[in-house]
Amino acid sequence: MSHAARSPLAGYMFLLPWLIGFLGLTLGPTLYSLYLSFTSYNLLSPPVWVGLENYVRLFTADAKFWASMRVTFVFVILSVPLKLSFALAIAILLDRGIRGLPVYRAIFYLPSLLGGSVAIAILWRQIFGRNGVLNLVLAQFGIEGASWISDPRYSLLTLVALAVWQFGSPMIIFLAGLRQIPTDMYEAASMDGASRRRIFFLITLPLLTPVIFFNFVIQTIDAFKAFTPAFIVSNGTGGPANSTLFYTLYLYQEAFGNFRMGYAAALAWVLLVIIALFTAFAFLTSRFWVHYDE
Amino acid sequence: MSDQGITPPSWPVRTITHVLLIAASVVMLYPLLWMLSASVRPEAEIFDSGSLWPSAIVWDSFVAGWSGLRVSFGQFFLNSLVIAVISVIGNLMACSLAAFTFTRLDFPGRNFWFAMMLGTLMLPYHVTLIPQYVMFLNTGWVDTILPLVGPKFLAADAFFVFLMVQFFRGIPREIDEAAMMDGCSPWRIYWKIMLPLSLPVLATAAIFTFIWTWEDFFGPLIYLTSIGNYTVQLGLRSFIDASSQSSWGALFAMSVLSLLPLFLIFIIFQRMLVEGIATTGMKR
């Protein structure tokens, strides 16, 4: 390698934009928000140190915090397994060597691509409203549907449905994973007279576990951070009766509705710890069920 | 194409597979097609029919929606477009430069900084949100596009740095080492050799940056306060507040328009999108 490529000065010159961003937009703010989480701060007057007060209040005296935790965990626990199941099931159907694969793949991927838009959240509000499309369809079968969006029993489920509808991108990742399973393994197994079902459980599924693991971690972290649909569907309130009060929505309300910046910073750090614990747990348990080639 | 086993599926299996897939396709597309048809059907019909076929095609909803707010949707589209295009430029320049530095230059601390970069991949943006907001408030950048596009020029999207690092690692080192022997400066190697060889990954990064920026709701919600600066997503949100039950048609018309750029990208770059997701494991 030439002299220039090894000179520390050249290296840091090239790294500079990223380095400024990392220190000024990521590391600095991360540490500063940790500090803010121990303060009371309303943007107008300087932060006042309050010690652990924010955290104590969060865990002991804040019913809305627990409501948002419950909503978020229910959302994650329902939406991620359902989404991944659909993604895997459709990917397996598509991997049977059928005609029209690109068309099907495109159709199933489209909702994933558009799903983050406000437009889709608006559409969902209409579909599951009292006079929405779902009830129109149900009425054809003589069923009188509920007002799904404004009924606290169902409102969160409509958002789960919205998340599951967007199974396209994990499906594409599964499809790519299925393609990588060497054909000779299937050949050997079917030569030995193994049934399709046995081949699936003994070869396909174990060899696919790294991809399942990857999708599981990514989708779970993403689900913890969901915001836009809940905001649009509930008009930013998290209602009815806090039933769609996603964690990030509560954080937003505290920070930009009530200007409790210190408290919101504490909420952000709790979220970071939850995501870090989940990720660590996922990686630690992965060696018991994820099959890695050696 | 890996089929399950060496024998192709028998015709009953094929038929059942197609039936299942077509049924699923109908469920997946129905909401989108319904919205499309709601945007062109007479307003009164929207709440009467779950059918996809409008009795007549009228453009009233588009006309009403376009100027349904104090500021026309044309302005919102322009604002979104400006933010998305500048974001694409920023991400392409800054992320490729960072990726080049991490993969091709040798300097003390490189591995440490690379590990730091990887560490930021999983960091939820909520943790940096409030300090960044305070910072941009103090610099007077709130209600401008600067907090939305500025960070892109500092490679704040670690995901794209990582994506490009992966790609750059696949480019044989012999190519740039030979150039270095000939006395090429690192800058020229980056600009004249690496970037031209990286068009696929640059295109992928550009497309996904555009889509994500176009769809972004949280950033504009926090940083853009006056209606003249709103993006399409914020415009739609205000439209819900402003419109009563009677103008769902206009709301749907503008919603359809807001999805149109994404749909066009989908049609044109479908292959690239699918490959991008399959090879990098993007979440959306």
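These exercises cover the chain contact, the domains and the annotated spans of a predicted two-chain model.

In this predicted model, local features need pLDDT of at least 70, side-chain atom pairs count only at pLDDT 80 or more, and totals for chains, interfaces and linings use all residues. Residues are numbered from 1 along each chain as its sequence is written, and chains are lettered from A and ligands numbered from 1 in the order in which they are written.

**Exercise 1.** Describe the side of chain B that touches chain A.

Step 1. Fix the criterion: two residues are in contact if their C-beta atoms, placed from the backbone, lie within 7 Å. Step 2. Count both sides. Chain B puts in 81 residues and chain A 88. Step 3. Find the main contributor on chain B. Helix H1 (residues 11-40) gives the largest share, 12 residues. Helices here are DSSP runs of H or I, at least four residues; strands are runs of E, at least two; both are numbered from the N terminus. Step 4. Sort the chain B side by residue class: 52 nonpolar, 19 polar and 10 charged. Nonpolar means Ala, Val, Leu, Ile, Met, Phe, Trp, Tyr, Cys and Pro; charged means Asp, Glu, Lys and Arg; the others, Gly among them, are polar.

**Exercise 2.** How are chains A and B divided into domains?

Step 1. Note the origin of the bounds: an automatic or database domain assignment. Step 2. Take chain A. Domain 1 is 1-31 and domain 2 is 62-289. Their C-alpha centres are 37 Å apart. Step 3. Take chain B. Domain 1 runs 11-58 and domain 2 runs 71-280. Here the C-alpha centres lie 33 Å apart. Step 4. Examine the contact within chain B. Each of the two domains supplies 6 residues. The domain 1 side holds 4 nonpolar, 1 polar and 1 charged.

**Exercise 3.** Set the UniProt annotations of chain A against its helix content.

Step 1. Read the record with care: positions follow the numbering used here, feature names are shortened, and annotations may be inferred rather than shown by experiment. Step 2. The unreviewed UniProt entry lists "domain: ABC transmembrane type-1" at residues 69-282 of chain A. That span is 74% helix and 0% strand, with end C-alpha atoms 20 Å apart. Step 3. The unreviewed entry also marks transmembrane regions in chain A, including 154-178 and 264-284. Residues 154-178 are 88% helix, and their end C-alpha atoms are 35 Å apart. Residues 264-284 are 100% helix, with ends 30 Å apart.
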